[in-house]
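Please look through the sequence and the model shown here before reading on. The text below is meant to be read with both in view.

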Amino acid sequence: MSSQKIQRLLEPPNVSAAHRSALEYFNSNFAHIDNLNGIDQVLSQTKARSSELQRQLSASQQSIDSLITKTRVAALANLDTARGFAEDRESIENEMTYLSYELVSSLSPSKSEANPTLLEDIETMHRILKELESVRAYVAVIERTLTLSEGALAQLRATPSPLSKSSTSEYSRLSAFVSNVGQACDSVQDIGSAEQSLHLVTFVRRIRDKTWSDIKEIFSTKLNGVLENLQWPMAVDYPAASVHDRKSFESAFKDLILLQEIGENIEGSTNQGSQGLYPLETLAHAISLRFKYHFETERETNRLDKPEWYLSHIMNVALDHRPFMDNVIQRLLLGTKYQYVNAWQNYITLLVPILERKLRRTVPTLLSHPALLAHTVYQALIFDSSMRGLGYEFVVGTEAKKTEEKGGVSSVILCQKEWFDAWLEGEKKCKFIFTFVFAEDQYHEIISSPDAWVIVDDDSNDSDEHKLSRSMAELKATNSARRIKALVEQVTDRYSPLPSFAHRTRFLIHIQLPILEQYYSRVSSSLDAFETLSSALVRAVPGALGVEGPKTDSRKLTGGVEGSQRLCKALLSARYVESAMQRWGEEEFFLELWTEINNQAALRSRAEMHPSLPSFADHQASKSDVPNCTIFEELITQYTKLASRAEDILVSQVCGETESALKQHFVAITSPKDGSDAQNADDGIAVPPSLLPSIALLSAHLTFLRNTLQTAVTTQVYRRIATLISEHILQREVLFRPGLTRGQFRTGLSREQARSVHAESELWAETCQVALRTSRARAEGPWARLLVAGRLLGARRQEVDRAVKEVVGGQGDGWEDALDVATSLGSGGLGKEEVKTVLRLRDDL
């Protein structure tokens, strides 16, 4: 029963509701007066019901009071119980809060200083337990490995000679155990365990390798004891040794060879880095100890400026021990697995690392000393070249073979870019030849030397082979050209031993070509200065072909024989260097280098960037593996043009001066006094004094050219000069001589004038013949046109009658034969119309 219902039942009776209910009852049952007969019965029933209800009310009231009392008692009891429950609830909540706090992990950011939970402690202990189990297995593996290692060493120490395969059974067990450990660890899938196993495998493999090294050391010690009796590492006189020593040596040697043979069949027994036979490693070890004593300590033999000492030491060792290697060691290898191994080659391969180690330690110290570095590299290259000359081939790795590297101790420096660049820069700046001379300074010293432009033909410094390759005349050159040639050849000598074509190319591009380019620019600027000095706007250029100071008279510098001398210096310098480059280009060294540059893309791309090297377009167009030009072709072309330019200026200079000197003569022969001054005689005619200066000037020039230039060049220059002067005289004095008229009322040359022209033409040719000391025919060649004109004018009438008839009325080429009879030179290059013009100048025709 709900509390609301109980409250409703406890409410007092509602009187008004009772009255309303009674009224409704009467109204419904006694609606008419006739119905009042039964009211008494209803009243009595009502009274009886009221009494019953009163009785029930009293009983109910008693029950209610009793029930309320019981309820209050129960409520108080329940209230006390509820208060106890509340206290229990609060206590439980506090306990739950504490427990919840205790369950938060110590790794949580909000509880950085708390202790780990029980669960975490359990997990940690479980993990430690697993690790301890792994460590126990790890230690067990190591213990087993060490036990097998000690057993293998003990077995080999107790093994008598000769060695057998059964003597290494303990080591075989060790190797098999290590292999099983590696396989087991490789099969582990757990990352953490796999990482741990990797360290374990590495460690046991190190124990195995150390064990094999100790086994080798056992037998090497036996061999070393015998070697002391043979006086090793001195040169061994094996036949002079006692029989006991020889047998002991051969026994110890064969034991090591057998050990190596057995070891190659056992996994992990041989060192992957080893390149030599075990007994030869023992022999080389003694050399290494002596090398360290002399060249890696503070002894006087350990000097940075004397790399040739330790290089020559190893070279001497290789030479001294070669008979022992070839005659004794090679014989002991017969019948073994290594009978085809070259004992001496293998021995040298073990000695080379000694030098490589030394160079790696010393080169960093030498980087700040370019001269010492250059000397060290040069000595290393000489050592490599000498060893190859003895028949030794250096061991080259696979990657080095791809770059065509030939190996050698020099590769320790050359294959390090930083070290090679330092050496290249040092070579560019200095040369180590007795004293330290900077190369750039050496070049400037050559150019600025007082005798730089002195022309010499002394061949005393040339080798016999060089003398045979050139004639004596070709040896003429300036001192600067000779020294530049010598400087370039010095550079070639220093880098020619380089095994790498890439290194050779860098030397060519960065050192040799710049020297040749600078010298070309120097000679070219000298010609520019000469043209400037000889031009109308004269100005002095200091340093041009030996000019000292701006106040020098330009006419003295560019005029006369002195001017020709300056031009000859430039011409000879250019020709000499050009000839040297032609010879260099045909040498095997540069032919091989140029072929490799064309064939290797890396070298070709580097060379394409340099303007002084030939273009690769022609070579690619020809689709040929062999270049169709030499490596100096572009520079040769430039020097050829430079020499041609000097020759052109020389020809122009001589012709210009001669023609200027002839001006006075041309004025004299066309003046009115010319006829009265002429000496008419049957036996000859006098030469006008006005002609002598020009003839003397030309004679002086030609004499100087003959004494200075090569014969071929002198002949070529003479022909050009004589041809131009001859043509100038022919035009001015004969064909277009002032004062003469042509046509019906023509006025020709008088007999005396004609003979004078003849005499002058013959004098020009004779003068050139004397100056050049050559034959008459050679001297007359360039003067042919003038000589033919002069002889036609000076000949007697009967000597030219046939020629006149053939020229005027003849047909075909008969006129040339007729002229040959009259002049002995044929037409001399004159055309038919020009011959007619000359003949019309005779006053007797």
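What follows goes from the whole chain to a few of its parts.

The model is a predicted one. Its protein chain has 845 residues, of which 41% count as buried. The chain contains 33 helices and four strands. Contacts in the chain with a separation of 6 or more can be sorted by how far apart the partners are in sequence, and residues 24 or more positions apart account for 70% of them.

A helix to begin with is α30, which covers residues 784-794. How many of the residues of α30 are buried? The count is 11 of the 11, so helix α30 is largely enclosed by the rest of the structure. The buried residues include Ala784 at the start of the list and Gly794 at its end, and both Arg785 and Arg791 are among them. Buried here means under 20% relative accessible area.

Two of the helices that pack against α30 can be described in turn. Helix α33, residues 832-840, meets α30 at an angle of about 40°, and the two axes are 9 Å apart. This crossing is right-handed. On the side of α30 the contact is made by Arg785, Ala789, Leu792 and Leu793, and on the side of α33 by Glu834, Val835, Val838 and Leu839. Sorted by class, the residues of this contact are six nonpolar, no polar and two charged. The spacing of such residues can be read against a general rule: an α-helix has 3.6 residues a turn, so residues three or four places apart point the same way.

The other partner is α28, which runs over residues 751-772. Helices α28 and α30 pack at an angle of about 145°, with axes 8 Å apart. Here the crossing is left-handed. From α28 the contact takes in Arg751, Ala754, Arg755, Val757, His758, Ser761, Glu762, Trp764 and Ala765, while α30 contributes Leu786, Leu787, Gly790, Arg791, Leu793 and Gly794. The contact of α28 with α30 has seven nonpolar, four polar and four charged residues.

After α28 comes a loop that leads to α29 (776-780), and Arg773 lies in this loop. The backbone of Arg773 has a positive phi of about 55°, although the residue is not a glycine. Most residues other than glycine have a negative phi, and most peptide bonds are trans. Is Arg773 buried or exposed? Arg773 counts as exposed, because its relative accessibility is 67% and the exposed class begins over 50%.

Another loop, between α6 (191-229) and α7 (243-264), holds Pro233. The peptide bond that joins Trp232 and Pro233 is cis, with omega about 15°. Gln231 also has its place in the loop between α6 and α7. Gln231 is not a glycine, yet its phi is positive, at about 65°. With a relative accessibility of 52%, Gln231 counts as exposed.

Helix α7 includes Gly263. What is the relative accessible area of Gly263? The value is 0%, so Gly263 is buried. Gly263 and Trp212 are 51 residues apart along the chain, and their C-alpha atoms are separated by 8.6 Å.

Pro307 can be looked at in the same way. Pro307 is found in helix α9, residues 307-332. Its relative accessibility is 1%, and therefore Pro307 counts as buried. Which residues is Pro307 in contact with, leaving aside its neighbours within four places in sequence? They are His375, Thr376 and Gln379. Of these, His375 is 68 residues from Pro307 along the chain, and the C-alpha atoms of the two are separated by 8.0 Å.

The last part is a piece of empty space. Rolling a probe the size of a water molecule over the atoms shows where empty space is left. The second largest pocket holds about 540 Å³ of space. It is lined by 16 residues, and the closest to its centre are Ile6, Leu9, Leu10, Ile64 and Ile68. Helices α1 (3-10) and α3 (39-102) each supply at least two residues of this lining. The largest share, nine residues, comes from α3. By class, the lining of the second largest pocket has 10 nonpolar, four polar and two charged residues.

Methods:
Residues are numbered from 1 along each chain as its sequence is written. This is a predicted model: local features need pLDDT of at least 70, side-chain atom pairs count only at pLDDT 80 or more; totals for chains, interfaces and linings use all residues. Side-chain values use heavy atoms; hydrogens and water are left out. Axes are lines fitted to C-alpha atoms, for helices over the stretch in contact, and angles run from 0 to 180 degrees between N-to-C directions. A crossing is left-handed if the near helix is turned anticlockwise from the far one by less than a right angle, and right-handed if clockwise. Contact means heavy atoms within 4.5 Å. Ala, Val, Leu, Ile, Met, Phe, Trp, Tyr, Cys and Pro count as nonpolar, Asp, Glu, Lys and Arg as charged, and the others, Gly among them, as polar. On a 1 Å grid over the protein atoms alone, a cavity is a set of points where a 1.4 Å probe fits but cannot get out, and a pocket is an open set with protein on both sides within 12 Å along at least five of seven lines; lining residues have an atom within 4 Å of a point. Grid points are joined across faces, edges and corners, and a volume is the space filled by probe spheres set on the points. Buried means under 20% relative accessible area, exposed over 50%, partly exposed in between (1.4 Å probe, protein chains only).
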